[in-house]
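Hi everyone, thanks for coming. I'd like to walk you through some contacts in a structure, so please have a look at it on the screen while I talk.

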4 protein chains.
Amino acid sequence: MLRVGVIGTGMIGQDHIRRMTSVLAGVRVTAVTDVDAAVAASVAASIGAASFPDGASLIVSDDVDAVVVCSWGPTHEEYVLAAIAAGKPVFCEKPLATTAAACLRIVEAEAAFGSRLVQVGYMRRYDASYRALKAVLDRGDLGAPLMMHCAHRNASVPGFYSREMAITDTAVHEIDMVRWMFGEEITAVRVLTPRRSGNGGDLQDPLLLIFELESGVLVDVETSVNIRYGYDIRGEIVGENGTAALGSLSPVQVRVAGAASDPVPADWRERFLRAYDVEFQEWIDSLAGGGQPVGPSAWDGYAAAVVSDAGVAALRGGERVPVVLASQPALYRAEVAA
Amino acid sequence: MLRVGVIGTGMIGQDHIRRMTSVLAGVRVTAVTDVDAAVAASVAASIGAASFPDGASLIVSDDVDAVVVCSWGPTHEEYVLAAIAAGKPVFCEKPLATTAAACLRIVEAEAAFGSRLVQVGYMRRYDASYRALKAVLDRGDLGAPLMMHCAHRNASVPGFYSREMAITDTAVHEIDMVRWMFGEEITAVRVLTPRRSGNGGDLQDPLLLIFELESGVLVDVETSVNIRYGYDIRGEIVGENGTAALGSLSPVQVRVAGAASDPVPADWRERFLRAYDVEFQEWIDSLAGGGQPVGPSAWDGYAAAVVSDAGVAALRGGERVPVVLASQPALYRAEVAA
Amino acid sequence: MLRVGVIGTGMIGQDHIRRMTSVLAGVRVTAVTDVDAAVAASVAASIGAASFPDGASLIVSDDVDAVVVCSWGPTHEEYVLAAIAAGKPVFCEKPLATTAAACLRIVEAEAAFGSRLVQVGYMRRYDASYRALKAVLDRGDLGAPLMMHCAHRNASVPGFYSREMAITDTAVHEIDMVRWMFGEEITAVRVLTPRRSGNGGDLQDPLLLIFELESGVLVDVETSVNIRYGYDIRGEIVGENGTAALGSLSPVQVRVAGAASDPVPADWRERFLRAYDVEFQEWIDSLAGGGQPVGPSAWDGYAAAVVSDAGVAALRGGERVPVVLASQPALYRAEVAA
Amino acid sequence: MLRVGVIGTGMIGQDHIRRMTSVLAGVRVTAVTDVDAAVAASVAASIGAASFPDGASLIVSDDVDAVVVCSWGPTHEEYVLAAIAAGKPVFCEKPLATTAAACLRIVEAEAAFGSRLVQVGYMRRYDASYRALKAVLDRGDLGAPLMMHCAHRNASVPGFYSREMAITDTAVHEIDMVRWMFGEEITAVRVLTPRRSGNGGDLQDPLLLIFELESGVLVDVETSVNIRYGYDIRGEIVGENGTAALGSLSPVQVRVAGAASDPVPADWRERFLRAYDVEFQEWIDSLAGGGQPVGPSAWDGYAAAVVSDAGVAALRGGERVPVVLASQPALYRAEVAA
């Protein structure tokens, strides 16, 4: 039974606590902490866990085998580094850290430690559709992959959402997915700006991102963040001999009022609920008996940050921006493709 | 943490033990038993549970809060009655018992006990597609339901499979599903015999079953048990103003070699894997704090047996056979519709 | 250029005149007649055709190579027999005649004539989807056919529509389609009556028809004639090794307001518009250079009438009713399968 | 009855002759000519038309009301100008002429004539799916259009096919379609070059074209010309509130061998057969009684040529290339949107 300490008991933290308490096997949340001590105490009481005054003390507690970081982004680096210092596995919600430099510090710390402790919360790798897509690709039925077409659509975003967030918060999921899907790095980014939707006021929405990969595979990603009709994630890989696309996952088809209709999910929770469950269960299972995590690594978190930065630069400057990564520590070799 | 004792550690029993040990929350398997004591001992050792010499001793053990019965069908009645006698919740894999009379004895024992202890393993009620279908129906979008068209197709069945088993083992899932979906009893059964498939030797396959419901709703069910192409479960409700059907659940669509193709599941494990997980998690959750089970009841198990018997009679005699149920104890009122 | 005379210039007659005048090649409407002489004169003037006082004179006119009968059903027999007497090809809208006995008189007259002159207006044989379905069946990919599931749904029917018309006017299309699809006769009919839709007042709607074929193939047909949501024609053949179904023909898929939707046709005109065009073009082409028609024959019209009669008897009596056909003249051998 | 003279009796010319002779209404091919006089004579004899020694004499013949140009591309300009000089309607297969300058000479000649005579053979405007897509767009259900994603895939191309032809011969259909769909001009083109398919030797395939429109709408077009699996045309418009895509047109769905499969067309003939028929029928109908053509105009042919040239320049230079059109004569105002 893995004993987990959770740092940050806001919405996402509470959701993961619920998951580890009521949904998954082999895990128990034994410790929590939050900047709001009252919230932490209340959550702790509800599940019979201890409430800690801060992340530092939680991380080193003997009742904590592994750490889950769900706090505010700017605090991630500190907690993840502290977990590495303590030699404890740490699951960090995305982003790994708020700058590429901070991510690289984590990469270096983990590389110095010598084995993997860090996993970053990119859950698409755990979605059944993406996994089926990767299985088709890896089977070779399509021949070599040449392109991928993606769309990432949200029904709406809050008023504070900026054009850069369409890359750093929205398309970042495609950034990680693409690196995992094709097992190679993104080498350059372009961002094109279509006609602006009136649904988001001054927000430049949608965007068309274009990623180049090492092998030359070209990936285009539409982000539409105020498209009203629902949350819709699309992806189609174009290979030499055919294509494979994320399938329909409609549980029911209704024929009324002149149309045969499949429901579209309302939001990401509905679409990726199971992926979160699988992500955590596999993380828990990987740690059993002192094992290492095998999911998205600190390097993956770092690479996502660098590509995001390149995307933001491309959006602002209007030009193709190359992606320049630091030298990859040996620890992460073959990690992208895993 | 619910402490469960499992009677029967064959294939299905081991699968449920794996589920309760490695997949679900809030449960621990503390006790097992099997006719093959060596198998039971081996399974017990692997999960740190106790091995019991027989079901009777397991059921009354203080380390067992609830019982799961996965043994050979003819033993079900004995174990379920023993659990009722011990006042312990019992999850019994289908069938509840091998005769309608035996099922009725269980119903009567539970009714005498005065509250629900028994749940029967009809897992379709826990499938996301059937639940979405029922949600559409209950929302009233279709108007009153009038008909339902179903198909239950298996790629192949073993050589010992008989024509009666297409009803008692295969269509019995539709029997339970239909009663749950529409919240009413089946009142008569017809079985028609189409041209015989050459894939099953002398086996009369496929069959076309027709169920009449209390309200007049008519349900047709095709069973095709050697259809080679895969495991395919179809269902479409026809209402006054429209229809709703089980949707496509294809995780990926592949375009190669002249066709756009969605994979079909190979077997029931693949199709209903999640339904089993949800079934058990909800059963576990329902028992927390001394609660009662809310899933398929002893009455549901009894009704399925009576309808199956009517189906077998209809198959053998070629005529419409009415379904005659015993008087329903008050304990089960509104259970069908729950 | 085939010169056609049209008897009956009501809605359907005018539609066929439009088709032969503005859509198809190799044909000219040279003569029309109608019980309402003023309508006939007006239609004739609009297309430069001659208006005749009655069908008899139109049929024998030297300006008429072939006859199209679109008049009131009870008049069909007279006109078709007159065309046969004149040795002229005649396309008769369904029904061939209003009784099986009248149909049989036409069959006998044509058989006495010695070669085919008559074609009946069953247009589904010309629908691209049904043809693709038959092509799959005939290729043998499914193994031997065992069952077929059909649905025939209308958004609404007029107040005078009777329960018998669901067989004689609605399901009669499936009757002809099934005989053509499988190349064999229907041997018995059952009609089951589900819970009644409130959309049609006292009308018994829907119905579930079950046809037995010579080889044992079983066909079930749902007729729902007031189902509101649109005109929907479904068909799935179940073979030994797989199934084939009428495909989706949605020209566009729209994603708005929480759903991905395909439009459903509003009525049979929209659904089968092209089938009518193809039906007539192939009829015209078949007659070029004095050829014989190859579409639905007088025998097909007769068989449809006998099966419809059996269906009506089954509906009224509640029992399985065998279909008893007269001996088939040699002229029609192999016609069903053509 | 429109009397048509056909210049060029090669494969495409013979197909249009067949169409006008055996499929469509209101038209007769009265005259043909070809560089191969023997072929022209043979075709003429088979349909009872006159064979002319050259296009010039055919165009001025009193037996020719309208001209169809199906000859070798470099000859188009001469014949179209001659038809304009003769004041006769002329349908010219794409391209209108082989250079933008030549197209512009035609535009100027027609503008000088003062009314429309020329129609260019862009048949997608007549495809039922594209029309349904445009109807959804024009209804406003999607809000303002912002992007369109297209794919144009061929199973294979001949060995002489060059990377430029992916624009001038393949994507040119999307160029015309996009201008018609959105009723505005393309203002700039980018061409990106993904990883190369091994199926085409040294051919740079696929390509990703990106068109900018006057309103800012961004259109991406994948061309994959050796993708083996079939001929697949895809298109999805992204609007402010939703999307609309070309639908599935599968006539049949087959379930065998582990998959539910819809056939993909083998080639453009299969996919757009009906569009050609509708294109010609509407052209014929538009000319009845001395009317003007309303399909793709000389201006459309000119614009397609200019955009193609920009695309080729973008492909060769790797940069975004603006589209610079001549001033549009008043004759063509509102033509794009028609």
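So, how many residue pairs are in polar contact between chain B and chain C, counting pairs with both at pLDDT 80 or more? The count is 16 residue pairs. And yes, I said pLDDT: what you're looking at is a predicted model.

Let's stay with chains B and C for a bit. Each chain puts residues into this contact: 37 from chain B and 37 from chain C. Together they bury about 2,800 Å², and carbon and sulfur atoms give 60% of that area. If you want to find the big contributors on chain B, look for Leu146(B), Arg195(B) and Glu240(B). Those three supply 22% of the area that chain B buries against chain C, more than any other three residues.

Now for the charges. Side chains of opposite charge can pair when their charged atoms come close. Between chain B and chain C, the count is four salt bridges. Here's a salt bridge you can look up: Arg234(B) with Glu236(C), where the closest N and O atoms are 3.2 Å apart.

Which elements of chain B give two or more residues to the side that touches chain C? They're strands: E7 (145-153), E8 (186-192), E9 (207-213), E10 (218-224) and E11 (232-239) of chain B. E7(B) has the largest share, with five residues. Sorted by class, this side of chain B has 15 nonpolar, 12 polar and 10 charged residues.

Okay, over to chains A and D. Here, 38 residues of chain A are in contact with 38 residues of chain D. The buried area is about 2,800 Å², with 60% of it from carbon and sulfur atoms. On the chain A side, Leu146(A), Arg195(A) and Glu240(A) supply 21% of what chain A buries against chain D, and no other three residues give more.

How many salt bridges sit between chain A and chain D? Four is the count. In one salt bridge, Arg234(A) meets Glu236(D), with the closest N and O atoms 3.2 Å apart. In another, Glu236(A) pairs with Arg153(D), and there the closest N and O atoms are 3.3 Å apart. That pair crosses between chains, from strand E11 of chain A to strand E7 (residues 145-153) of chain D. For the whole structure, over all chains, the number of salt bridges is 108.

As for polar contacts, chain A and chain D have 16 residue pairs, again with both at pLDDT 80 or more. Strands E7 to E11 of chain A each supply at least two residues of the side that touches chain D. E7(A) gives the most, five residues. By class, that side of chain A comes out at 15 nonpolar, 13 polar and 10 charged residues.

Last stop: a pair of helices inside chain A. Helix H4 (residues 76-86) and helix H5 (residues 100-113) of chain A pack at an angle of about 5 degrees, and their axes are 10 Å apart. That's why we can call H4(A) and H5(A) roughly parallel to each other. From H4(A), the contact is made by Glu77(A), Val80(A), Leu81(A) and Ile84(A). H5(A) brings several residues, including Ala102(A), Arg105(A), Ile106(A) and Phe113(A). What kinds of residues make up the contact of H4(A) with H5(A)? Seven are nonpolar, three are charged and none are polar.

Note on methods: Residues numbered from 1 in each chain as written. Chains lettered and ligands numbered in written order. Predicted model: local features only at pLDDT ≥ 70, side-chain atom pairs only at ≥ 80, totals over all residues. Heavy atoms only, no water. Axes fitted to C-alpha atoms, helices over the stretch in contact; angles between N-to-C directions. Helix = DSSP H or I, 4+ residues; strand = E, 2+ residues; numbered from the N terminus. Parallel < 35°, antiparallel > 145°, perpendicular 65-115°, else oblique. Contact = heavy atoms within 4.5 Å. Nonpolar A, V, L, I, M, F, W, Y, C, P; charged D, E, K, R; others polar. Buried area = accessible area lost by both parts, 1.4 Å probe. Salt bridge = Lys/Arg side-chain N within 4 Å of Asp/Glu carboxyl O. Polar contact = N/O pair within 3.5 Å; in protein donor to acceptor, adjacent residues only side chain to side chain.
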